[in-house]
Amino acid sequence: MESNKRKVAVLGTGDSGSTLGQALHKAGYTVIYGSRNPAGNHASAIPVTDYTNAAKHADIIISTIPGQHTLDVLGKIEPEALAGKILIDVGTAFNDDFTILLHQIISGGELLQEKFPSTKVIKTFCTMTASIMVKPDSLGEETTIFLSGNDHAAKGEVSSLLSDLGWSKSSQVDLGGIETARGQEHFAVLYFALANKYGHGEFNIKVHVKNSHGDN
């Protein structure tokens, strides 16, 4: 039976890319990987091509390219392959030893939106490790995932994709416009501090909001 879900291109075949691609494929999406070395990924059950062809054949593009390289890599993709499409930006830009966040003033998500004004950039997934992205229930309780972006309809589509991966509507927090991606990306500094403390990345945060009656 043919899937009625949208076509997704996952750019990058590292841990985040391969994990997201496999989970979305299992959830019924038509998935294609974009890679700088398509021939080196011939063992994948999901089709692999170059970045431009992957983007051309998709409705939603998920960039898992490391944040320090995202602008350069996407800048080499044919502009029409990105125009009018949803671009989920997962990467956060760090220096080589992951000690300095490179985008200190403006986020990588904002820079992408400025560079590709006809593309609907949504920032999400960047506050957790790959396994939590696709198995939020593995932590034993509901945690929080954030969305930032200027296009309300695009955020609605990404929200549905998150739901298909197991993120309930109550676990999804819409922070507002793409400028709020700064907060998501800066969280990476705390993320690595926590990962160093616990020796792994199998954790996530949960936002508890005080209700109007003063109860938690």
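This section describes the sheet, the helices, a few individual residues and the internal spaces of a predicted model.

The model contains an open sheet of eight strands with mixed pairing, arranged in the order β3-β2-β1-β4-β5-β6-β7-β8. Because β3 (residues 48-49) and β8 (residues 172-176) stand at the edges and have a single partner strand each, one side of each of these strands is left without a neighbour in the sheet. At the β3 edge, the contact with the rest of the sheet is made through β2 (residues 30-34), which runs parallel to β3 and is joined to it by two bridges. Within this pairing, glycine 34 has threonine 49 of β3 as its bridge partner.

Towards the other edge, β7 (residues 145-149) is joined on one side to β6 by two bridges, the two strands running antiparallel, and lysine 123 has serine 148 of β7 as its bridge partner. With β8, by contrast, β7 pairs in the parallel sense, over four bridges, and phenylalanine 146 stands opposite valine 173 in β8. The strand β7 is mostly covered, five of its five residues being buried. In a regular strand, side chains alternate between the two faces of the sheet. In β7, Ile145, Leu147 and Gly149 point one way, whereas Phe146 and Ser148 point the other way, and all of these residues are buried.

Two of the helices can be placed relative to the strands that they cross. Helix α1 (residues 15-26) lies across β1 (residues 7-11), β2 and β4 (residues 60-63), and runs at about 165° to β2. Helix α6 (residues 152-164) lies across β1, β4, β5 (residues 86-89), β6 (residues 120-123), β7 and β8, with an angle of about 160° to β7. Together with β7 and β8, helix α6 makes a right-handed β-α-β unit, the two strands of which are those paired in the parallel sense over four bridges.

Helix α4 (residues 108-115) has Gly108, Gly109, Glu110, Leu112 and Gln113 among its residues, and these five are buried. The buried residues of α4 pack against α3, β5, β6 and α7. A related contact is found from the side of α3, where threonine 70 is placed. Threonine 70 has a relative accessible area of 3% and is therefore buried, the limit being 20%. Leaving aside residues up to four places away in sequence, threonine 70 touches Ser63, Ile65, Asp89 and Leu112, of which Leu112 is one of the buried residues of α4.

Two loop residues, both following strands of the sheet, differ in their accessibility. Aspartate 96 is found in the loop between β5 and α4 and, with a relative accessibility of 77%, counts as exposed. The C-alpha atom of aspartate 96 is 9.3 Å from that of glutamine 68, although the two residues are 28 apart in sequence. Phenylalanine 125 occupies the loop between β6 and α5 and, at 1% relative accessibility, counts as buried. The backbone of phenylalanine 125 has a positive phi of about 70°, although this residue is not a glycine.

Empty space in the model was examined both as open pockets and as closed cavities. Rolling a probe the size of a water molecule over the atoms shows where empty space is left. The largest pocket has a volume of about 780 Å³. Its lining consists of 34 residues, and those closest to the pocket centre are Ser16, Thr64, Ile65, Pro66 and Gly91. Two or more lining residues are given by each of α1, α3 (residues 67-75), α5 (residues 130-134) and α7 (residues 181-198), and the largest share, four residues, comes from α3.

The structure also holds one cavity of 30 Å³ or more, and about 60 Å³ of space lies in the largest cavity. The residues that line this cavity are Gly67, Thr70, Leu71, Asp89, Gly91, Thr92, Ala93, His103, Gly108, Leu112, Lys123 and Glu185. At least two of the lining residues are supplied by each of α3 and α4, with the largest share, three residues, coming from α3. Threonine 70, a buried residue, thus lines the largest cavity together with Asp89 and Leu112, both of which threonine 70 touches.

Notes:
Residues numbered from 1 in each chain as written. Predicted model: local features only at pLDDT ≥ 70, side-chain atom pairs only at ≥ 80, totals over all residues. Heavy atoms only, no water. Pairing = 2+ DSSP bridges. Contact = heavy atoms within 4.5 Å. Axes fitted to C-alpha atoms, helices over the stretch in contact; angles between N-to-C directions. Buried < 20%, exposed > 50% of the residue type's maximum accessible area, 1.4 Å probe, protein only. Right-handed = clockwise from strand over helix to strand, strands pointing away. 1 Å grid on protein atoms, 1.4 Å probe; cavity = no way out; pocket = protein on both sides within 12 Å on 5 of 7 lines; lining within 4 Å. Points joined across faces, edges and corners; volume = space filled by probe spheres on them.
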